[in-house]
Every structure is written in C-alpha cells, then in structure tokens.
Amino acid sequence: MYAAWLTLLAAAEATEGPSSPFEVNLGLFVWTWLVFIAVFLLLKRFAWPAIVAATEEREKAIRRQLDAAERTHAEARAALDEGKRFAAEAKASAQTLLADAQRIAEKERGALLEKAKHEQEELLARARREITAEKDKALTDVRREAVELSLAAAAKLIGTRLDTAADRAIVEEYLKTLEPR
C-alpha cells in the first residue's frame with residue numbers, strides 16, 4: 001500500500017499542474033485530505049477539550065454574573081420600594097407634625113391673645129381706679145381749699161377769725177349743696 005501511495009505521488013509530481021480548473025490533481029487531493037485529517041485529529045485530541053472547557057467556564061461565569069445581576073436588581077428594587085415606603089412615612093409624619101405644630105401655634109396664639117386682652121382689661125381697670133382716686137383726691141383738695149378760702153373771706157367780712165370745727169362744718173355743708181347731682 002505504501003508503494004502505491006508513492007507511485008501516485010510521483011505521478012502527481014511529474015505532471016506540471018492542471019490545465020483546466022476542473023481537472024483534479026489526485027496528489028494534491030490526497031495530501032490535502034491527509035493534512036486535514038491529521039490537523040483535525042490533533043485539534044480534537046488537544047485543542048477541542050480546552051476550547052470546550054474554556055467555553056463552558058465562560059458560560060458558567062456569564063450565568064453567575066447574570067444571577068448576581070438579577071439578585072442585585074432584586075435587592076435594588078427592594079431597597080427602592082423600602083425607600084419609597086420610608087419617604088411616604090416621613091412625608092406623613094412631617095404632615096402630622098406640621099398639623100400638630102399649627103394646632104399648637106393656634107392654641108398658643110389664642111392663649112396669648114386672651115392673656116393680652118386680660119392684661120389690657122386689668123390695666124384699663126387699674127387706670128380707671130387711679131384716675132378715680134386722683135379725681136377724688138383732687139376734689140378733696142379743692143374742697144379743702146374752698147373751705148379755707150370761704151373761711152378766710154368770711155373772716156374778712158365779719159372781722160373775726162373763723163377756724164372752729166363748727167364753722168368748718170357749716171361751710172362744708174354749704175359746698176355739698178353746690179355739687180352737681
């Protein structure tokens with residue numbers, strides 16, 4: 001068999017080459033198939049398992065990354081939902097606090113207005129009392145002066161000194177009749 005191959009190869013080398021593109025060169029055909037089969041067997045034996053293992057490892061790594069991405073996405077969605085829930089709770093709490101603060105401020109405002117009104121009424125009442133007291137004091141002073149002046153005028157007219165208690169009572173009684181009613 002080996003001798004047959006060699007003769008075929010020698011015959012193939014003896015020819016100069018195909019004269020037509022459709023002419024088959026048997027030596028080239030055989031060598032091409034032998035090289036192809038040898039390379040195929042070498043690749044199948046040594047390279048293919050490494051390529052398949054690398055591809056499978058890459059596929060596993062991609063699958064792990066996809067699973068991790070899905071977990072991260074689920075965690076992010078859960079965190080987003082929790083953040084939205086916290087934001088809603090915070091908003092509701094802030095609105096409640098704001099309503100409470102407004103209610104308390106309104107109550108304090110009412111209390112302060114009531115206190116100011118009460119203090120104003122007290123101040124007004126005290127001022128009226130002081131005015132009345134001052135008026136009474138001024139009237140008393142005016143009466144006393146009027147009595148003194150009346151006694152002095154009567155003393156000049158009569159020519160004697162009028163300073164007894166009875167004289168004063170007469171003048172005071174007369175002045176009381178002159179007061180407006």
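This report describes the fold, the surface and the largest pocket of a predicted model.

The chain holds 3 helices and 0 strands, and from the N terminus on its elements follow the order α-α-α. Of the 181 residues in the chain, 6% are buried. The area that the chain exposes comes to about 16,100 Å², of which carbon and sulfur atoms supply 64%.

One feature of this surface is a nonpolar patch of about 840 Å², to which V24, L26, F29, W33, F36, I37, F40 and L41 contribute. Within that group, V24 belongs to the loop between α1 (2–14) and α2. V24 counts as exposed because its relative accessible area, 64%, lies above the cut-off of 50%.

The largest pocket has a volume of about 170 Å³, and its lining consists of T140, R143, R144, V147, E148, R168, E172, L175 and K176. Two helices, α2 (26–158) and α3 (165–178), each supply at least two residues of this lining, and the largest share, 5 residues, comes from α2. The make-up of the lining by class is set out below.

| Class of lining residue | Number in the largest pocket |
|---|---|
| Nonpolar | 2 residues |
| Polar | 1 residue |
| Charged | 6 residues |

Taken together, the model presents a chain of 3 helices, with a nonpolar surface patch that includes V24 and W33 and with a largest pocket whose lining has 6 charged residues.

Key:
Residues numbered from 1 in each chain as written. Predicted model: local features only at pLDDT ≥ 70, side-chain atom pairs only at ≥ 80, totals over all residues. Heavy atoms only, no water. 1 Å grid on protein atoms, 1.4 Å probe; cavity = no way out; pocket = protein on both sides within 12 Å on 5 of 7 lines; lining within 4 Å. Points joined across faces, edges and corners; volume = space filled by probe spheres on them. Helix = DSSP H or I, 4+ residues; strand = E, 2+ residues; numbered from the N terminus. Nonpolar A, V, L, I, M, F, W, Y, C, P; charged D, E, K, R; others polar. Patch = residues over 30% accessible without salt bridge, like charges linked within 9 Å, V, L, I, M, F, W, Y side chains within 5 Å. Areas by Shrake-Rupley, 256 points an atom, 1.4 Å probe, with all protein chains shown as cover. Salt bridge = Lys/Arg side-chain N within 4 Å of Asp/Glu carboxyl O. Buried < 20%, exposed > 50% of the residue type's maximum accessible area, 1.4 Å probe, protein only.
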